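Me: I would like a close look at one part of this model, the largest pocket. Please keep it brisk.

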Amino acid sequence: SFEQFIACVHPEDRARVTAVLREAVQASAVGDAFEDEYRVLWPDGTVRWLRARGAVMARAADGRAQAVSGVVMDVTERRAIEARLRE
C-alpha cells in the first residue's frame, strides 16, 4: 500500500515524494514519465538513495490512474562517488 511505501521514505523527503507521485497519477498524461530521487530507511537503520522512474500506463473513464509502471534503482554508491568528486 501507499502508506507502507511512504513510511519507508526518509521523513525529510516524504512530503516531496508524495507531491511528485500525486502529480504523476493525477495530472500527467498517459505515457508521460516522472522521476525522482529520494532517501529511504532500510530495516537495519541505514539510509539509501533510490531513483524512481515511471509513467501512468492507463486511465479509467473518470480519469483515475488504473496502471502505473516503473523501475526503482539504488543510486547510493553513485551519489557517494559524486560527493567525493566534488570535494
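How many residues of the lining of the largest pocket are nonpolar, how many polar and how many charged?

Reply: This is a predicted model, with local features needing pLDDT of at least 70, side-chain atom pairs pLDDT 80 or more, and totals for chains, interfaces and linings using all residues. Numbering starts from 1 along each chain as written, and side-chain values use heavy atoms, without hydrogens or water.

The lining of the largest pocket holds twelve nonpolar residues, four polar and three charged. (Nonpolar: Ala, Val, Leu, Ile, Met, Phe, Trp, Tyr, Cys, Pro; charged: Asp, Glu, Lys, Arg; polar: the others, including Gly.) The pocket encloses about 330 Å³. Its lining counts 19 residues, and those closest to the centre are Phe-2, Phe-5, Leu-21, Phe-34 and Val-68. (A pocket is an open set of 1 Å grid points where a 1.4 Å probe fits, with protein on both sides within 12 Å along at least five of seven lines; lining means an atom within 4 Å of a point. Volume is the space filled by the probe spheres.)

Where does the lining come from? Helices α1 (2–8) and α2 (14–27) each supply at least two residues. So do strands β1 (33–41), β2 (47–59) and β3 (65–74). (DSSP runs: helices H or I, at least four residues; strands E, at least two.) The largest share, six residues, belongs to α2.

Now the three strands. They form an open, antiparallel sheet in the order β1-β2-β3. β1 and β3 are the edge strands, each pairing on one side only. (Pairing takes at least two DSSP bridges.) Between β2 and β3 there are nine bridges. Gly-54 stands opposite Gly-70 of β3.
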